[in-house]
Every structure is written in structure tokens, then in C-alpha cells.
Amino acid sequence: MTIVEPGRFRTDFLTRDSLALPETTTGHYPAIREMVAQHLELQGRQLGDPVMGAAAVIDRVVTGEGPLRQLLGSDSHAYATAKVRALQDNLDAVVATAPATDHPAAA
């Protein structure tokens, strides 16, 4: 089994044709509009080449080799690395308090 974790690829995904929001919405979700605007601005400048990405996935299937997670693109690697760092920071922050709920007999 392989989990494919792609970065952003230069495709028609997240273009104005495939990504639309209503003209008016409530003010409760400003981050959504900001994210959509960022995706639209990125169009045509994504790092990933979809042909190379497909070839990498096919190669993984054919060879049956590789780690559990297949990161496609340097941006995907950067996102994964940031996630690992954030998780490690959280683990470090709770290392002293995590055992507080252990059953006394476990000590």
C-alpha cells in the first residue's frame, strides 16, 4: 500500500472553471475566500509537473518498492516536514503532563 501525498500540480484543478464560490456569503468564512484567491493566483505557477507525477506513481506501482508515503513535489515535502515539526513541538509541550492521567498502578 502507498499513500500518495501530492503537492500542487499545474493542472486545471482549482481554476475559475472548477472552483467557484457564491457571489455573496456570510462573513463567517473569510479564510475560505482568501484561500480561493491564493489558489487562483497560483494557477500556472505550481511546482508539480502532472506527467512526472503520474510517472512516479506508476513506477511505484510497477516496482512495488518505496516507503508507505510517496510525497510528490518539494512543496509536499515542505508541508509534511512542517507538520512533523508541529507535532514534535506539541509532544514536547505535553511530555510532563501526559502521564497525569495514568492509572496509579501503572507508575
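Helices, taken as runs of at least four residues, and strands, taken as runs of at least two, are DSSP assignments numbered from the N terminus. On this basis the protein, which is described here from a predicted model, has 3 helices and 2 strands. Read from the N terminus on, these elements follow the order β-α-α-β-α.

The overall dimensions were considered next. The radius of gyration of the protein is 20 Å, whereas a compact globule of 107 residues would have a value near 13 Å. Along the principal axes, the C-alpha trace spans about 60 × 50 × 20 Å. Of the 107 residues, 13% count as buried, and the area that the protein exposes amounts to about 8,600 Å², of which carbon and sulfur atoms supply 61%. When contacts between residues at least 6 apart in sequence are examined, 72% of them are found to join residues at least 24 apart. The protein carries 9 positive and 13 negative charges, and the mean positions of these two sets are 3 Å apart.

Strand β2, which comprises residues 69-72, includes Gln70. With a relative accessible area of 6%, Gln70 falls under the 20% cut-off and is therefore classed as buried. Beyond its neighbours within four places in sequence, Gln70 is in contact with Thr2, Ile3, Val4 and Glu5, and also with Ala56, Val57 and Arg60. For Ala56 the arrangement can be described at the level of atoms, since a polar atom of the Gln70 side chain lies 3.1 Å from the backbone oxygen of Ala56.

One of the residues in contact with Gln70 is Val4, which is found in strand β1, spanning residues 3-6. In its exposure Val4 is classed as partly exposed, because its relative accessible area of 36% lies between the 20% and 50% cut-offs. When neighbours within four places in sequence are left aside, Val4 is in contact with Val57 and Leu72 as well as with Gln70. Val4 and Ala56, although 52 residues apart in sequence, are separated by 10 Å in space from C-alpha to C-alpha.

A further site was examined in helix α1, which covers residues 30-42 and contains His39. The relative accessibility of His39 is 14%, which is under 20%, so this residue counts as buried. Not counting residues up to four places away in sequence, His39 touches Arg8, Leu14 and Leu19. With Arg8 the link involves side chains on both sides, as a polar contact of 3.5 Å joins that of His39 to that of Arg8. His39 and Val51, by comparison, are 12 residues apart in sequence, and their C-alpha atoms are 21 Å apart in space.

Taken together, the sites described comprise Gln70 in strand β2, Val4 in strand β1 and His39 in helix α1.

Notes:
Residues numbered from 1 in each chain as written. Predicted model: local features only at pLDDT ≥ 70, side-chain atom pairs only at ≥ 80, totals over all residues. Heavy atoms only, no water. Rg over C-alpha atoms; globule rule 2.2 N^0.38 Å. Buried < 20%, exposed > 50% of the residue type's maximum accessible area, 1.4 Å probe, protein only. Contact = heavy atoms within 4.5 Å. Areas by Shrake-Rupley, 256 points an atom, 1.4 Å probe, with all protein chains shown as cover. Lys, Arg positive; Asp, Glu negative; His and termini not counted. Charge placed at Lys NZ, Arg CZ, Asp CG, Glu CD. Polar contact = N/O pair within 3.5 Å; in protein donor to acceptor, adjacent residues only side chain to side chain.
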